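Trainee: I'd like to go through this one with you, starting with the charged pairs and ending with the empty spaces inside. Can we take it question by question?

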Amino acid sequence: MPDKNVELLAAYWTLAGDTYPGAASEISPFSLQARAEAAAKAGWRGMGLVHADLVHNVAKLGISTVRNILKDNGIKHVEVEFLTDWHLEGDLLAASHVIRDELLEIAGELGARNLKVAGGLFEEGPPDVARMRDAFAILCDRAAPYGTNVVIEFLPFSSVNTIDRAIAVTDGVRPNGGLLVDTWHVARGGMSFDEISKIPLELIKSIELDDANHAVVESFFNDSTHHRKLCGEGQLDVPEFIQQVVNVGYRGPWGVELISAELRKLPLDVAAKRAFDTTMAQFENIRF
């Protein structure tokens, strides 16, 4: 049976309903109250919240109500997202700073463990590692007073798209800086799961579980946004991914990011329970 200490965090898109990254509105059609209640009922102990939805709910409800909704439903692990362009210059950097400060202020109020970011989203070619490390240090320093980690999600459609590049950008920069390691991104980035063993434990700040078929549907971004699978319902070896992470020594909460056109059409309670149950089943034979 799964280890009793396994705690799952529903990343934002898993329970957001009929919206997706880059949609006309990224605000969930479900209220925060409904999502938190569905999460609690299904067994989730954490939730992720995206910038547009966070700002909307804080303006509508007030930060204290947002905090109480999460607390009252046993949501003890919170992550906020998603920051890009933090390593650039000019207008793009200025716009990124606005989003950064809004996310960090809310993160501090909610006691969020992680701020999720991407390095070089849709940039071609390798990153300027020295420049990105300097920018990452500034970002981590900005987040430190809020008690928040900054985690780079290495994506196949970004310049920081492999474990090696992600380590190069983050290793030794700041104690609150690290990586988010996602099943889908490792597999789609052409890496084997045993490469996870290269990541220093102190860099693994967040994990996300999901599944996929071997064939990519159109582009990486399209596949990521619409065609992820519930854990165990695709063709990736999710238990092997989990075992590799456990072998490194990670014992924190396990995020689950299911961005799926099929899942987001389901009733909220059904989606929450299916995502939870299928993920927990992956831990059945894990050796802790």
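Trainee: Let's start with the charges. How many salt bridges does the structure hold?

Mentor: Keep in mind that this is a predicted model. Side chains of opposite charge can pair when their charged atoms come close. Counted over the structure, the salt bridges come to 21.

Trainee: Take Glu 81 and Lys 116, which meet in a salt bridge. How far apart in sequence are the parts that this pair ties together?

Mentor: The N to O distance in that bridge is 3.1 Å. Glu 81 sits in strand S3 (residues 77–83) and Lys 116 in strand S4 (residues 114–117), so the bridge ties together parts whose separation in sequence is 35 residues.

Trainee: And are Glu 81 and Lys 116 buried or exposed?

Mentor: The cut-off for buried is under 20% relative accessible area. Glu 81 has 4%, and Lys 116 has 1%. Glu 81 is therefore buried, and for Lys 116 the word is likewise buried.

Trainee: Which residues are linked with Glu 81 and Lys 116 in a network of salt bridges?

Mentor: The pair I just described, Glu 81 with Lys 116, is a salt bridge at 3.1 Å. The network that holds these two also links Asp 182, Glu 208, Asp 210, Arg 228 and Glu 257.

Trainee: Now Arg 131. Which residue does Arg 131 form a salt bridge with, and where does that partner lie?

Mentor: The closest N and O atoms of this bridge are 3.7 Å apart, and the partner is Glu 89. Arg 131 belongs to helix H6 (residues 129–143), so the bridge ties together parts 42 residues apart in sequence, with Glu 89 in the loop between S3 and helix H5 (90–110).

Trainee: Of Arg 131 and Glu 89, which one counts as exposed?

Mentor: Exposed takes over 50% relative accessible area. Arg 131 has 38%, so it is partly exposed. At 59%, the one that counts as exposed is Glu 89.

Trainee: There's also Arg 100 with Asp 101. How far apart are their closest N and O atoms?

Mentor: Arg 100 is buried, at 8% relative accessible area, whereas Asp 101 is partly exposed, at 28%. Between the closest N and O atoms of their salt bridge, the distance is 2.8 Å.

Trainee: On to helix H7 (residues 163–170). What arc do the buried residues of H7 cover around the axis?

Mentor: The buried residues are Ile 163, Ala 166, Ile 167, Val 169 and Thr 170. They lie on the same side of H7, because the arc they cover is only 165°.

Trainee: What covers that buried set, and which residue with a positive phi follows H7?

Mentor: The cover includes H6, strand S5 (149–153) and strand S6 (177–182). After H7, with phi near 75°, comes Gly 172.

Trainee: Now the empty spaces. Which element gives the most residues to the lining of the largest cavity?

Mentor: The search finds two cavities of 30 Å³ or more, and the largest has a volume of about 80 Å³. Its lining has 15 residues, divided into 10 nonpolar, four polar and one charged. Helices H1 (12–15) and H11 (268–280) each give two or more residues. With three, the element that gives the most is H1.

Trainee: And for the second largest cavity, which elements give two or more residues to the lining?

Mentor: This cavity holds about 30 Å³ of space. Its lining includes Tyr 12, Leu 15, Met 47 and Gly 48, and the lining residues divide into six nonpolar, one polar and one charged. The elements you asked for are H1 and strand S2 (46–50).

How values were computed: Residues numbered from 1 in each chain as written. Predicted model: local features only at pLDDT ≥ 70, side-chain atom pairs only at ≥ 80, totals over all residues. Heavy atoms only, no water. Salt bridge = Lys/Arg side-chain N within 4 Å of Asp/Glu carboxyl O. Helix = DSSP H or I, 4+ residues; strand = E, 2+ residues; numbered from the N terminus. Buried < 20%, exposed > 50% of the residue type's maximum accessible area, 1.4 Å probe, protein only. Arc of directions from axis to C-beta. Contact = heavy atoms within 4.5 Å. 1 Å grid on protein atoms, 1.4 Å probe; cavity = no way out; pocket = protein on both sides within 12 Å on 5 of 7 lines; lining within 4 Å. Points joined across faces, edges and corners; volume = space filled by probe spheres on them. Nonpolar A, V, L, I, M, F, W, Y, C, P; charged D, E, K, R; others polar.
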